[in-house]
Structure formats: structure tokens, C-alpha cells
Number of protein chains: 2
Amino acid sequence: MTKRIRRDPDTTRALILDTTERLMVEEGYAAVTSRRVGQELGINGATVHYYYPTTDDLFIALHQRMTARQLAALEDVASAPDPVAALWTLQAGWAQSALGVEFLALANHRKSIREVIAATTNQAREAQTRALNVASTAAALAEELPPIGLVTILTAVARTLANEERVGITRGHAEVLSFVERLLKNPRET
Amino acid sequence: MTKRIRRDPDTTRALILDTTERLMVEEGYAAVTSRRVGQELGINGATVHYYYPTTDDLFIALHQRMTARQLAALEDVASAPDPVAALWTLQAGWAQSALGVEFLALANHRKSIREVIAATTNQAREAQTRALNVASTAAALAEELPPIGLVTILTAVARTLANEERVGITRGHAEVLSFVERLLKNPRET
DNA sequence: GTCTATAGACGGATAGAC
DNA sequence: GTCTATCCGTCTATAGAC
């Protein structure tokens, strides 16, 4: 009755992570269960356990893939005409920020996940800072604010705006956006 | 065997909200169930349903209480010597920001909660902006960035730092803090 | 590699006793 | 107002067939 299709293991792993990511973005981390992932994917929930023994393993694998992709995207930032603007655009991505909130909430109460998130995010921030350093175009406030501080503020604002917009909070956004645009276009020499 | 203590309804309501808030901060919103809240409080889970028929009702009631308290705290901000600095300190509160992340994640996938959060947060941001307007001490970048934009950025950065620190992400924080401190102490005249 | 079946736990919500 | 008891659903994780 049910077909037992033999698939390439790596393909199945990737499909499971894809489905997990989509579920987290669309419905939140609480929607991620082995049964649900399997159902969405047309496979059995037990098969998900075969690849990722516990649900935490699944979350951790997804977080690592997400971070790896962010680091890959950083290469484009470093080589962009205006790296600061490129980083801003990258961080303002919707889906990425939605995933970020879910992982942050998850980290609030799952120790194993908290540790992985802290480690990989700290590393990613340093990589982002290096990407800015490489650039010859110095940041607007470079002398008052070290590059890593700029990266931190830029990330905080860009992601918060995306997070808020996603749930319908928009007050103040237009003002911030035009301010940032002006800053990026016309960096002042301190 | 079990005692049936008759309590003041308002007291019970407050206790339920207190417990819910603590659970969300300490273990995340997923830990909030009628059974669990009742257990922590020493009452039956069904009693929680008596006061808050659905779990969403409970979350919404807590969010409204949280926002009301934030608005009350704003009065101190408006009358502080330096309202901008006072708002920064207020927004950087740990527990508050932990609650904020949980509600944001919750809003990602529960429509009824999303609407309440969006409405009350937008209102709160305007109230915060009024609190700054009232002050004679103008903000550092007042002319380039309208007060509501300043409030938005300040809130985004303060809360993000608290959120990150809570899970062990600290890279760039020291740099941002000293930058903000310098800005607050020594606003430049644009 | 993927399935069925199952153990064992927890959840929302309600009816009705007290 | 608070309880007990219950219905019905979901979840994780594992054992074992194919």
C-alpha cells in the first residue's frame, strides 16, 4: 500500500531541514514535531527520528546550516561596492529574521540549543566584522564606534524592524529607514 | 482531602498572570499550559480555564497587563532629568525583554495574539515618543531623526542586547554600550 | 531506509459535584 | 470558585517488520 522509496540519505536530510525551516518561519518552532515534518514531507515521522534522533538534534542541525549560509552570503557583502549597505540589506531579510526570533525563543529554555546558538552567533558576528574591515569604504561612525559595534547595532535595528513588521508593528519604521538611508548615502566625516 | 479555598477572584486572576509571566520568562511560552500554571500555583488546571477559557485568552491578558505596566513606567521616564537615558535603561530590562521575545515568537503563529500585540505595541511606541517630546532635553540626533525614530532605534538596540546576553551572545556589546553612553552624556549639536 | 505499531506522557477543554 | 473525572487529541521515542 505505502511505497518505500529508497532515497539518497543526503537528499532526505536536506528535505527534512527544508521542511523544518519552512515550518519554523510560517508557524513557529512549536509546529516542528517529527510527525508534522514527516507529514509535510510525505514520509513517516519515525524516519525523521532515524536521521535526527531527537528534536533538539534537528533544531541544532538547522541552526548550523543557517549560520553556514549566512557566512557564505558574507562573501558577497565583503566584495560589494558598499559593504555596510550590503550588510544592512542582508540582515533585513524577512525569513532570516523570523528564523532568528524562533531560535532565540528556543534558546531561552533549551540548554543544548542555547549553547550552540551563542557559539555560532558570536563567531558569525566576528566574521561580519571582518567583512566590513576588508572594505576600503569606512563606516559612517567608524572612529567613534568600532566596526564590531557598528555590525551589532546595524544587525539589531535591521532585524528588529523585520521582526516587528512581520507581526504588524510599524510605528517609527519609516523614520528609521529614511534616517538609515541618509546615513548610508551620505556618511559624515567625524 | 483537598481544600477548596475561596479566594478573591481578582487575587486569583493576578496570581495566574504572575505564574504565567514567570513561566514564560524562565521556560518559554511553550511551558505555559493550564495544567502547569495550576500546578505551580497549587490550584487545579480547570480553575485556570475558569478564569481564562482558552490559553490564548491567558496570553492576551498577560500581554495587556505587561503593556499597561510599561506605560505606567513611562511616567518616570518623562519626568527624569534625562528622558532618553531613562528610556534606554527601562528598555534594557532583562525580564521585560525576555517576555518580549516570547510574545514575538508567539505572534508569529497565533493570529489572535498577533493582532493584540501589534495594536498595543504601536500605541506604546507613540506614548514613549510623547514622553520624549515632553522633555526639554532634546535628543542627540533630534533634527535628523524624529523622536519616534529615536525611540524605535533605542528600543531595538537595548532589547536586542538584553535578548542576546540572556542566551550568551555578547560579541560587540561592550563597544555598543560605551558608544551609547558617550552619546547620552555628550549629545552633539547637529 | 522506511515503514507500522505501540508505550507512555502530556495537552485543551468540558461536565458536573461540592 | 474550585474541584474531580473524563474525552479526545498530540507528542517523543523506540521496537521490529520489510
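Which residues is A:Ala131 in contact with, leaving aside its neighbours within four places in sequence? The answer is given at the third stop of this tour.

The model is predicted, so local features need pLDDT of at least 70 and side-chain atom pairs count only at pLDDT 80 or more, while totals for chains, interfaces and linings use all residues. Residues are numbered from 1 along each chain as its sequence is written, chains are lettered from A and ligands numbered from 1 in the order in which they are written, and side-chain values use heavy atoms, with hydrogens and water left out.

**Overview: chain A**

Select chain A and display it as a cartoon. Its secondary structure comes to 9 helices and 0 strands; helices (H or I, at least four residues) and strands (E, at least two) are DSSP runs, numbered from the N terminus. The C-alpha atoms fill a box of roughly 70 × 35 × 30 Å along the principal axes. Of the 190 residues in chain A, 48% are buried, where buried means under 20% relative accessible area, exposed over 50%, and partly exposed in between (1.4 Å probe, protein chains only).

Now turn to the contacts, defined as heavy atoms within 4.5 Å. Among those in chain A between residues at least 6 apart in sequence, 68% join residues at least 24 apart.

**First stop: A:Thr20**

Select A:Thr20, which lies in helix H1 (residues 9-27) of chain A. Is this residue buried or exposed? A:Thr20 is buried, with a relative accessible area of 0%. Not counting residues up to four places away in sequence, A:Thr20 touches A:Val32, A:Val37, A:Leu58 and A:Leu62.

**Second stop: the cores**

Next, select A:Met24, A:Phe59, A:Phe103, B:Ile16, B:Met24, B:Phe59 and B:Phe103. These residues have the most contacts inside the largest nonpolar core, which has 60 residues. A nonpolar core is a set of buried Ala, Val, Leu, Ile, Met, Phe, Trp, Tyr and Cys residues joined through side-chain atoms within 4.5 Å. Centre the view on B:Ile16: beyond four places in sequence, B:Ile16 touches B:Val37, B:Leu41, B:Ile43, B:Val48, B:Tyr51, B:Tyr52 and B:Leu58. A second, separate core has 40 residues, including A:Val84, A:Leu154, B:Leu132 and B:Leu161.

From that second core, pick B:Leu161, found in helix H8 (residues 147-167) of chain B. B:Leu161 is buried at a relative accessible area of 6%. Residues up to four places away aside, B:Leu161 touches A:Thr152, B:His173, B:Val176 and B:Leu177. A distance label from B:Leu161 to B:Leu150, 11 residues apart in sequence, should read 17 Å, C-alpha to C-alpha.

**Third stop: A:Ala131**

Select A:Ala131 in helix H7 (residues 111-134) of chain A. This residue is buried, with a relative accessible area of 7%. Leaving aside neighbours within four places in sequence, A:Ala131 is in contact with A:Leu74 and A:Ala78. Add A:Ala68 to the selection: A:Ala131 and A:Ala68 are 63 residues apart along the chain, and their C-alpha atoms are separated by 15 Å.

**Last stop: the two copies**

Finally, show chains A and B together. Chain B can be laid on chain A with an RMSD of 0.1 Å by a turn of 180° and a shift of 0.0 Å along the axis. That is the relation of a two-fold axis. Copies are superposed by least squares on the C-alpha atoms of residues with pLDDT of at least 70 in both. The copies meet through the same surface, because 100% of the interface residues of chain B are also interface residues in chain A.
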